[in-house]
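Me: I would like to learn how to read a structure of this kind feature by feature. Could you take me through it, giving the general idea and then the case at hand?

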Amino acid sequence: MTNENIAELNGFAALGITGALLKATHAAGLTNPKPIQMQAIPPQMEGRDIFGIAQTGSGKTAAFALPILSKIIGLGTKRRPKTARALILAPTRELAVQIEDTIKILAKGAHVSTALVLGGVSRFSQVKKVAPGVDILIATPGRLTDLVREGDLILADTKWLVLDEGDRMLDMGFINDVKRIAKATAPDRQTVLFSATMPNEIAELAKGLLKNPIRVEVAPQSTAAAEIVQSLVLARTKQKRQVLSKMLADEAMKSVIIFSRTKHGADRVTKDLERDGFKAAVIHGNKSQNARQKALNDFREGSVRILVATDIAARGIDVPGISHVVNFDLPDEAESYVHRIGRTGRNGMDGIAITLCDPSENAKLRQVERIIRTKLPVVADHLGSPDPQRNPAEKNERHFESVNDREHHGARRDGRRPGGGKGSGKQRFGAGGERAFSGKPSGDQAGKPQGERKPDGVKRFKGNNKRRFGGKRPANRAA
Ligand code: AMP
């Protein structure tokens with residue numbers, strides 16, 4: 001197909017994408033720009049800064065990458081040693097790898113060099129890669145800070161800066177690294193900041209880093225057809241292993257991501273599953289980069305159908321076709337719940353999200369329900385047999401709620417009320433509140449969305465605010 005033909009067929013041409021870049025974009029199957037791309041690409045092509053509210057899955061990578069690529073193509077290969085023309089900062093190694101993969105696809109045939117600078121892998125090869133200078137550098141803030149501090153990387157020539165998943169940078173304590181890194185780049189740079197949510201700290205960061213930005217925003221991940229049916233299974237912590245294995249015996253659970261709040265918990269769940277005869281891959285911050293990448297690849301290719309993950313490790317991962325998300329426990333930050341369940345129900349496919357909840361997690365559950373603005377329907381209640389080691393009154397608070405008012409409320413990710421609003425339907429999900437784990441509530445039990453809402457008062461890990469380029473890195477960083 002000639003370039004002229006592609007330009008006629010492909011919607012990115014109208015956004016100013018041309019030549020080899022348009023050809024590669026077309027070959028990658030991107031023909032109709034997504035809303036975030038339609039909003040963000042034209043102003044970036046004009047050199048404007050962008051402040052974008054968008055989630056993974058919205059198409060934001062191409063939204064920031066295509067304008068940068070189109071400016072860099074044609075600049076030639078003359079770069080100063082140890083410099084990067086464009087810098088993309090991502091909060092996790094996995095997301096950074098994914099961004100580089102996308103950029104390579106979009107820039108195919110366009111002679112644009114890319115490099116990754118990430119923690120957890122050899123520093124030497126990264127230093128070598130950036131030594132002659134690079135067009136686009138994708139990095140996590142920790143290792144990048146090390147390279148700048150050691151003089152192996154100079155950011156003075158960096159004229160394009162992208163901060164991806166700003167809110168997660170904040171959660172991971174990277175915000176001061178990000179500010180220092182931005183300060184080291186060219187003062188006349190163009191800056192793009194994407195964040196899934198808008199806590200005050202991100203608004204402040206945007207004020208400090210962006211010049212007269214264009215604000216773009218797209219609705220959360222779901223497309224019109226996509227639906228995530230959410231439900232709750234009441235089980236004591238010590239019952240969860242058994243409940244989970246029973247659930248996974250259902251073959252309808254084709255591709256499952258299981259979230260654990262802690263790294264240790266993720267390892268334990270994986271071990272328990274293996275003991276129960278399931279093959280599972282695990283991904284968390286204590287695993288080597290190679291082990292994490294292998295786990296992801298095995299899951300993506302379908303050689304394992306179960307991936308156990310912590311919140312941070314799974315953030316930003318875009319694996320198509322995940323049928324189920326299981327929350328083995330409630331996350332510490334209610335907002336993470338939204339990110340967790342957003343791993344399923346992508347690209348217009350339906351998804352199912354099941355949360356296992358011990359009575360001790362009720363406060364966290366209430367936080368989650370507050371931000372999704374709906375009550376999760378109880379589809380199974382294993383609290384029936386009282387635990388002698390616990391106070392019976394504590395157990396029954398949730399149980400009563402489930403029987404008396406919770407079980408009639410189906411819930412979709414975006415929190416629409418059941419039955420078109422009032423939620424007064426009387427059906428149960430089968431005898432005794434039990435139903436197939438892989439199924440979903442029937443139409444009139446499923447809630448109607450009202451739209452996700454930003455959480456307020458969410459506690460955040462602030463990290464080491466004192467650290468400068470010369471400072472010491474805390475040992476527990478993920479990247
Ligand atoms: P992102 O939000 O950048 O992680 O993108 C999510 C997914 O959407 C990726 O698998 C992209 O390949 C895909 N994608 C991005 N833009 C488009 C588009 N215009 N048309 C179809 N798929 C797209």
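**Reading a predicted chain**

Reply: Tyr-337 is buried, its relative accessible area being 0%, where buried means under 20% relative accessible area, exposed over 50% and partly exposed in between, with a 1.4 Å probe and protein chains only. This is a predicted model, in which local features need pLDDT of at least 70 and side-chain atom pairs count only at pLDDT 80 or more, whereas totals for chains, interfaces and linings use all residues. Residues are numbered from 1 along each chain as its sequence is written, and side-chain values use heavy atoms, with hydrogens and water left out.

Me: Which residues is Tyr-337 in contact with, leaving aside its neighbours within four places in sequence?

Reply: Contact means heavy atoms within 4.5 Å, and on that basis Tyr-337 touches Gln-230, Asn-327, Pro-331, Thr-355, Val-368, Ile-372 and Leu-376. Tyr-337 itself belongs to helix 15, residues 334-341, helices (H or I, at least four residues) and strands (E, at least two) being DSSP runs numbered from the N terminus. Its C-alpha atom is separated by 9.1 Å from that of Ile-372, which is 35 residues apart from it along the chain.

Me: How should the length and burial of a helix be read, taking helix 4 as the case?

Reply: The expected span of a helix is 1.5 Å times one less than its number of residues. For the 13 residues of helix 4 (residues 60-72) this gives 18 Å, and the end C-alpha atoms are 19 Å apart, which agrees. Because 11 of these 13 residues are buried, helix 4 is largely enclosed by the rest of the structure; among the buried residues are Phe-64, Leu-66, Ile-68, Leu-69 and Ile-72. After helix 4 comes Gly-74, with a positive phi near 100°.

Me: Which two residues touch the most other members of the largest nonpolar core?

Reply: In soluble globular proteins, nonpolar side chains tend to be buried together. A nonpolar core is a set of buried Ala, Val, Leu, Ile, Met, Phe, Trp, Tyr and Cys residues joined through side-chain atoms within 4.5 Å. The largest one here has 41 residues, of which Leu-69 and Ile-136 touch the most other members. Helix 4 supplies the largest share of this core, eight residues. Not counting residues up to four places away in sequence, the contacts of Ile-136 include Ile-68, Leu-69, Ile-72, Ala-86 and Ile-103. A second, separate core of 33 residues includes Leu-161, Ala-206, Leu-209 and Leu-210.

Me: What does a positive phi look like outside glycine, and are His-111 and Glu-165 buried or exposed?

Reply: Most residues other than glycine have a negative phi. His-111 has a positive phi of about 55° and lies in the loop between helix 5 and strand 3 (114-117), where it is exposed, with a relative accessible area of 75%. Glu-165, with a positive phi near 55°, is in the loop between strand 5 and helix 8 (166-171), yet Glu-165 counts as buried at 2% relative accessibility.

Me: How many residues surround the ligand?

Reply: A residue is near a molecule if one of its heavy atoms lies within 4 Å of it; 13 residues surround the ligand, the closest being Asn-32, Gln-37, Gly-57, Gly-59 and Thr-61. A polar backbone atom of Asn-32 is 2.8 Å from a nitrogen atom of the ligand, and a polar backbone atom of Gly-59 is 2.7 Å from a ligand oxygen atom.

How values were computed
Polar contact = N/O pair within 3.5 Å; in protein donor to acceptor, adjacent residues only side chain to side chain.
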